[in-house]
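Work through the two exercises below with the sequence and the model open beside you, and try each task before reading its solution.

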Amino acid sequence: MSDRTVERLAGDEWAIAATLALAGLGIAAGSQLLVAAATLPLWYVAAAAFGTNQPSMVRVNRRISVRDGASGGPIDDADESTNSGSATVSADPGETVTVRTTVQNAGSDTIVDLRVVDGVPDTLPVVSGSPRACETLEPLEETTLEYELEPRRGEHAFDDVTVRTRDLTGTVAETWRAGAGGDDAVRCSPVVESVSLGDGANDYAGEVPTDEGGSGLEFYAVREYEPGDPVRSIDWRRYAGSRELATIEYRAERATRIVCVVDARPSQFRAATTARPPAIERSAEAAEQALEALVAAGHPTGVVGFHEQRLTTVAPGTDPATRREASQLLEGVREADFLGYRSSDRTRTDDPVADLPRALPGEAQVYLFSSFVDDEPVDLVERLRARGYAVRVISPDVTTAADDIATRLESLDRETRLARARATGARVIDWDREQSLGVLLRNAIRKGGRR
Amino acid sequence: MTSDSRLPATTGRAIALAAGISALALALAEPLVAGGVLVGIGLSATVGLSAGSYHRVAVASALLPIVVLGGVAVIGPAGAPIAALSALVGVVLGLAAGGVLAGEPTPIALLRAGAAALCSAVVAGGAALVAVWIDTLGGVGPALAAVPLLTGDGPSGLFLALVAAVVAIAAALFLVPPAAFTVPSRRDTYDRTRNALTRAAGVATVLAIVVLAVLTVLSVFVPPLEWLVDVIAGSVVVRGSIAAVTVVAAVVAVSATAIRATWLQTDGRRNGAVAIIVGAVSGVGLAFAGVWSLGSVETNVVAVAFGALAIVLGAGWLAAWLYQGAVLRGDAPTPSTVLAGSLAAGGAIAGGTVDTVLLDLETVRVGVATFVPIAAALFAYDVGRYGRTLASEIGHEASRRPQLVRLGWSGAMAGAGVLVAALGLAGAAVLAPALSVPATAGVIGALVAVGGGTWLLVR
């Protein structure tokens, strides 16, 4: 707790001036009413004269929780806050940080006018609520400031809380900075290696929980016994109580196969400026990082190069050979090798948009990397969605840097295409140049439709 | 700290409530105050509407001359300067009360309201001239009968009317900005259509003139044709239709010229000129028609009223322009300060009308009209300062409880002050021979000295 400042606020001169003006006016006009009315401001003068400072004491505690911006439910919370300890809460971009700062009147007198401003880090914008409050607090009564912040990359420490009290007359104010117990910082530094997988899954056993009953570890439901159910799944307790057979189901855990489709057509050689990498290079880079993260997590992942008149494919897998072939394919795409990766599975086609869905495994999530500067990717997304594939789109933006009208119109067209892709149910991420690739991939991978 | 110029809602409502009670107290002494307050609230609403969409700006511009005409009607017949001054205080009171509730007017709202006032002033000035002309002709009926024949009697007058009509139509077609009807990509089509319409009007006029000329020449040889020419040239339907078309086209052409001029003076892509001009013309037109529809108003009174309306609106434009400049510089008085000033002025005016107090109902009536507004002025100024500080430190959405505590404290002081002043006044009435004005002033001086000394000691 820092030093306190007591100041007497200017406030009674106006009342003295009003008294003199009314008295003078009354005397000049010969009006007893106005002379009598000149006594009215004197009450305010007296109030200002007798206003005194009453030392106040407050106790401040801050609690920070993190909420997933999409689901709305809390997914992370700091340890229970205490007055003595402090904690740093981790949050990721896209989530919402909720701050609850509780201020309690720890003194024995009522604070008639308590103003509190929480020490929000300058770098974190307040998106909802207010970190400021003015309250009247009885002894031991408390009030809570609740507001939400948008996390930004880095570690952000909260400052002390600024407290100002005023007496009843409003003429004396005391200001000081009070230290807050509990949480005092927010850290926001996600790494691509820590990305979690979404819920999309296929029919193979794996580690992604689903909304289906089956074999697994987590309890899911109890249903009537059907002939053929394993004996170990029977609920013997119920049978002992009611003589009825019932089968316990556990939440099924399935594997997911993922195919990264990289748009390698000539239209993808466009770049925002000559100093920046073209879309195809950025797509290949993003696909490679996603591939590494997913394979490291144990999910079979493949790659498809989507060329003008051919498709080059590496089937999903987690073995070193698959990773090596996928890396070579992406390297060929990145190096603008027009001949393409010489894989054994290389298909010539006149209509790659129509043929690509046929080249995919039956149950898979599709990650499409394309800049969407023409209509083919939209057609591809529509076809994939029509066949029931879960589709994620990561679209590097190469239309934002220029100021000319033609590029701006192309940017509008691209946004329209992305909107059409979203309308099909695909999850679309518009990848601005300034946006972190790791964060982008995390957002792309973690959201998925439950089966 | 934030820069929210509005007072917190609870404080703003409390000040407005105090202003309302004070207005009722002032109306006890001078009933015209109530009318002035209503006019002020109407003006505040028009300024508030001016900050919104162009539809609202048009409505505000139409309401402005009607509300001001109501103010002229309220204050004009007051006669006594005290009554007129009280009514004026009521106008300021209503205007400031609206500002307290809705916040300080924005510069753009003041700019639009000022432009609407200026435009309405010009139109009202024209309406006053028309009223004078009607008065010289002896009434509305003779004036309406004279309008179609302004260009003269007979075929020559009809020729001139036709020429005037076609010139007005052509001017309207060419002066209305093409953007009112089309988009740049279809500008060529619009030009062709406009030119075709102009040519059609010209050809029709020429044909009519030729036919009329032929009939006129032939009527020398064929006497029955002379009767036909006289019927056509003197027909109320023909001349009235031509006059109506000419007047409408002239109004459109003048409005379009004004709109073009305002567009040339702005750098922005948006401009409320159309809404303001259309609204102002409609508002003054409705007011003019409404006054004539009453039937019982003398024509010279209408001319004076619209002349006064033009002057007041012109003064309003000047006031809005000056206040806008003060707002932009950041040194404009806040609405709560203006409201406190108007309340104090109202109380002082009411109190200044009584020299000697007696223990009778008249003194009670004037005493209420003096003490309550002055106490409310002190309350409004005190809690207005508190509310501004609170809004600046915490924001407009500050919680209600501490505000109510502060309002209760300030209100209690104002109420106790009124009570003690009333008791003191009653004592002065009882001791009237002994407690003259100088003696009362001496008592006040002593109280000030005691208060000032205490203040110095405490500090």
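**Exercise 1.** Find the helix that holds Val210(B), and decide whether Val210(B) is buried, partly exposed or exposed.

*Solution.* Val210(B) lies in helix α8 of chain B, residues 187–221, where a helix is a DSSP run (H or I) of at least four residues, numbered from the N terminus. This is a predicted model, in which local features need pLDDT of at least 70 and side-chain atom pairs count only at pLDDT 80 or more, while totals for chains, interfaces and linings use all residues. Residues are numbered from 1 along each chain as written, chains are lettered from A in the order written, and side-chain values use heavy atoms, without hydrogens and water. Because its relative accessibility is 44%, Val210(B) counts as partly exposed, a class that lies between buried (under 20%) and exposed (over 50%), with a 1.4 Å probe and protein chains only.

**Exercise 2.** Describe the interface of chain A and chain B, beginning with its area and ending with its salt bridges.

*Solution.* Start with the area: the two chains bury about 4500 Å² between them, 69% of it on carbon and sulfur atoms, buried area being the accessible area (1.4 Å probe) lost on being put together, summed over both parts. Of the area that chain A buries against chain B, Gln32(A), Leu33(A) and Tyr44(A) supply 18%, more than any other three residues. Next, count residues: 48 from chain A and 53 from chain B take part in the contact, meaning heavy atoms within 4.5 Å. Finally, the rule finds 4 salt bridges across this interface, each a side-chain nitrogen of Lys or Arg within 4 Å of a carboxyl oxygen of Asp or Glu. Arg401(B) forms a salt bridge with Glu141(A), their closest N and O atoms being 3.0 Å apart.

Definitions and conventions. Helix = DSSP H or I, 4+ residues; strand = E, 2+ residues; numbered from the N terminus.
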